[in-house]
Amino acid sequence: MENSFGIIGGMGPMATELFYKMLIEKTDAPCDQDHMNTIILGHATMPDRTGAILSGDQKQIGHVCDLLLQDAKTLERLGCKAIGVTCNTAHYFIDKISDKVGIPFIHMIKETAAKAAGLTNGGKVGILATDGTIKTGLYQTALENEGAVPCVLDAEGQSYVMHEIYDCVKAGKPADMDMWKKIDDQLKELGCQVALLACTELSVIKADNNLPDFYLDPMEVMADKALEFMKVKTK
């Protein structure tokens, strides 16, 4: 299928569904044919990205890289012009394989860091993410490169974030909003002007609970950039 946008998803499935919905809702399309051709590769059996990173095992890390590279090449062969990956943590691996693929990735982390830095004029930006994403420093580095100040929660606050991701959304359960209030309080205490929902499961929480604009959704940033890249008319 020519002139398509490829999505490597399934990490997790609810986040992938939400991203496709974003693409649809942002498109100015009076009829089906005005929407963007999209190929979604839902690789739900992809090994846990956070687990691979935290293990430090190069075989595990290499295995995830190989699987993502296979997926990207599949989308390239199918005629995709660019790829979006609906998993923040996966960008650790994408950075290792992107030069082996003939089409570009819409890099969710770099695009979001640029957007956040602009919104805060170089101020403090909170990062809500998996332990793996925090450990890699992907967002910290990207924000610093854009002139913003990255802020991460303390160990207790980070455990709350992991609870929301793994025990709630990935487990098919609603968010624990009492615990979310504790996350929100710590972000405000840190003086953050914006907080990044730097795990796609957290994007689901924003959509389900109407979180305020203080929470910037990287998937939404990626959706905007994907539509721009594919020259799709937007609302």
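The legends below describe close-up views of a predicted model.

**View 1. The largest pocket and its lining.** The largest pocket of the predicted model has a volume of about 240 Å³. Its lining is made up of 14 residues, and those nearest the centre of the pocket are L18, K21, S203, A207 and D208. Two elements, α1 (13-26) and α10 (200-209), each give two or more residues to this lining. Helix α1 supplies the largest share, with six residues. By character, the residues that line the largest pocket comprise six nonpolar, two polar and six charged.

**View 2. Helix α1 and its buried side.** Helix α1 contains 14 residues, which at 1.5 Å a residue should span 20 Å; the C-alpha atoms at the two ends of α1 are 20 Å apart, in agreement with that expectation. The buried residues of this helix are A15, T16, L18, F19, M22, L23 and K26. These residues lie on the same side of α1, because the arc that they cover around the axis is only 160°. P13 and E17 are exposed on the other side of α1. The buried residues of α1 pack against two strands, β1 (4-9) and β2 (37-42), and against two helices, α10 and α11 (218-229). L18, which is buried in α1, is also among the residues nearest the centre of the largest pocket.

**View 3. The peptide bond between M11 and G12.** M11 and G12 are joined by a cis peptide bond, for which omega is about 5°. G12 belongs to the loop between β1 and α1. Strand β1 is also one of the elements against which the buried residues of α1 pack.

**View 4. S203 in helix α10.** S203 is a residue of helix α10. With a relative accessibility of 1%, S203 counts as buried, because the buried class covers values under 20%. When its neighbours within four places in sequence are left aside, S203 makes contact with L18, L197, D217 and M219. Of these partners, L18 is one of the buried residues of α1. Both S203 and L18 are listed among the lining residues nearest the centre of the largest pocket.

**View 5. The largest cavity.** The count of cavities of 30 Å³ or more comes to one. The largest cavity holds about 80 Å³ of space. It is lined by 14 residues, with R49, C87, T89, T130 and C199 closest to its centre. Helices α2 (49-55) and α10 are the elements that give two or more residues to the lining of the largest cavity. This lining divides into five nonpolar, five polar and four charged residues. Helix α10 likewise gives two or more residues to the lining of the largest pocket.

**View 6. N210 and K231, two residues with positive phi.** N210 is a residue other than glycine, yet its phi is positive, near 55°. N210 is located in the loop between α10 and β7 (215-216). The relative accessible area of N210 is 68%, so this residue is exposed, the threshold being over 50%. K231 is not a glycine either, and its phi is positive at about 55°. K231 is part of the segment after α11. Its relative accessibility is 75%, and K231 therefore counts as exposed.

**View 7. H163 in helix α8.** Helix α8 (residues 155-169) contains H163. H163 counts as partly exposed, because its relative accessibility is 21% and the buried class requires a value under 20%. Apart from residues up to four places away in sequence, H163 touches C168, D176 and M179. H163 and K235 are 72 residues apart along the chain, and their C-alpha atoms are separated by 35 Å.

**View 8. K182 in helix α9.** K182 is a residue of helix α9 (residues 177-189). The relative accessible area of K182 is 44%, so this residue is partly exposed. Y160 is 22 residues from K182 along the chain, and a distance of 8.1 Å separates the C-alpha atoms of the two residues.

Methods. Residues are numbered from 1 along each chain as its sequence is written. This is a predicted model: local features need pLDDT of at least 70, side-chain atom pairs count only at pLDDT 80 or more; totals for chains, interfaces and linings use all residues. Side-chain values use heavy atoms; hydrogens and water are left out. On a 1 Å grid over the protein atoms alone, a cavity is a set of points where a 1.4 Å probe fits but cannot get out, and a pocket is an open set with protein on both sides within 12 Å along at least five of seven lines; lining residues have an atom within 4 Å of a point. Grid points are joined across faces, edges and corners, and a volume is the space filled by probe spheres set on the points. Helices (H or I, at least four residues) and strands (E, at least two) are DSSP runs, numbered from the N terminus. Ala, Val, Leu, Ile, Met, Phe, Trp, Tyr, Cys and Pro count as nonpolar, Asp, Glu, Lys and Arg as charged, and the others, Gly among them, as polar. The expected span of a helix is 1.5 Å times one less than its number of residues. Buried means under 20% relative accessible area, exposed over 50%, partly exposed in between (1.4 Å probe, protein chains only). The arc is that of the directions from the helix axis to the C-beta atoms. Contact means heavy atoms within 4.5 Å.
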